[in-house]
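Me: I should like to go through the charged side-chain pairs of this structure and the grounds for the terms applied to them.

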Amino acid sequence: MAAAAAVTNSMRFVLGLLLASGAIYAQAVSWRIDPQHSSAQFSVKHMMISTVRGQFGGVKGNILYDPKNPTAATVEATIDCSTVNTGEPKRDADLKTAQFFDVKNYPVMTFKSTSVETAGAGKLKVTGSLTINAITRTVVLDLDGPTEPIIDTQHRQKIGVSAVTKISRKEFGILYNPIMETGGVTVSDEVSILLEIELIKN
């Protein structure tokens, strides 16, 4: 009898753990990026004296997020490289060539998270693999948010996040680098990136 009771209690304990795990997992919510209200902005030094800014639209992807367990979050996203816009049509056309984003052969860049860490109240560090022109490098996004959910005019639940990082364009095979007569470079290697992302609950 004692042995049977022990087995029963063990089964109840295991079942309790499974139910608890299920409850925790059930709290994770799937969100999709709203491409109409999201952008990937960038800035880079030009001739070492000014800053050129631009952005990509066509941001798509999904995030799995549980506010009670943020480090278990996952992120997968793509950016349409053909949407690059710096406000100068000729420069934008150049950026789509093989010297830069090679849109013909690599129309999208991708990001997939590998780990998430808390970094203070309302802040996360998201480490992941960024692929541009078929070259993949590890990057770390410093993220603010997600915000508290709101309901939009179409009765959809939404949250927002902002993130920043810096990358070396040369590490992704973007090697364009004319030298000026004074010895400086036309375009700096370091590129600052700002992401403004709006998400819709699936």
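Me: How many salt bridges does the count come to?

Reply: In this predicted model, the count comes to 9 salt bridges.

Me: What makes aspartate 34 and lysine 158 a salt bridge?

Reply: The closest N and O atoms of aspartate 34 and lysine 158 are 2.8 Å apart. The cut-off is within 4 Å, so the pair qualifies. Aspartate 34 lies in the loop between strand S1 (29-33) and strand S2 (39-46) and lysine 158 in strand S10 (residues 157-168), so the contact ties together parts 124 residues apart in sequence.

Me: Why is lysine 158 called buried or exposed?

Reply: Lysine 158 has 5% relative accessibility. Buried means under 20%, so lysine 158 counts as buried.

Me: How do you know that lysine 158 also forms a salt bridge with aspartate 152?

Reply: Their closest N and O atoms are 3.9 Å apart, which is within 4 Å, so the pair meets the criterion. Aspartate 152, at 16% relative accessibility, counts as buried, because this value is under 20%. Lysine 158 and aspartate 152 belong to a network of salt bridges that also links Asp34, Arg156 and Glu198.

Me: What makes aspartate 142 and lysine 125 a salt bridge, and which strands do they lie in?

Reply: An N to O distance of 2.4 Å is within 4 Å, so these side chains form a salt bridge. Aspartate 142 is in strand S8 (residues 135-144) and lysine 125 in strand S7 (residues 123-132), so parts 17 residues apart in sequence are tied together.

Me: Why is aspartate 142 called partly exposed?

Reply: Its relative accessibility is 34%, between the limits of 20% and 50%, so aspartate 142 counts as partly exposed. Lysine 125, at 33%, is likewise partly exposed.

Note on methods. Residues are numbered from 1 along each chain as its sequence is written. This is a predicted model: local features need pLDDT of at least 70, side-chain atom pairs count only at pLDDT 80 or more; totals for chains, interfaces and linings use all residues. Side-chain values use heavy atoms; hydrogens and water are left out. Helices (H or I, at least four residues) and strands (E, at least two) are DSSP runs, numbered from the N terminus. Buried means under 20% relative accessible area, exposed over 50%, partly exposed in between (1.4 Å probe, protein chains only).
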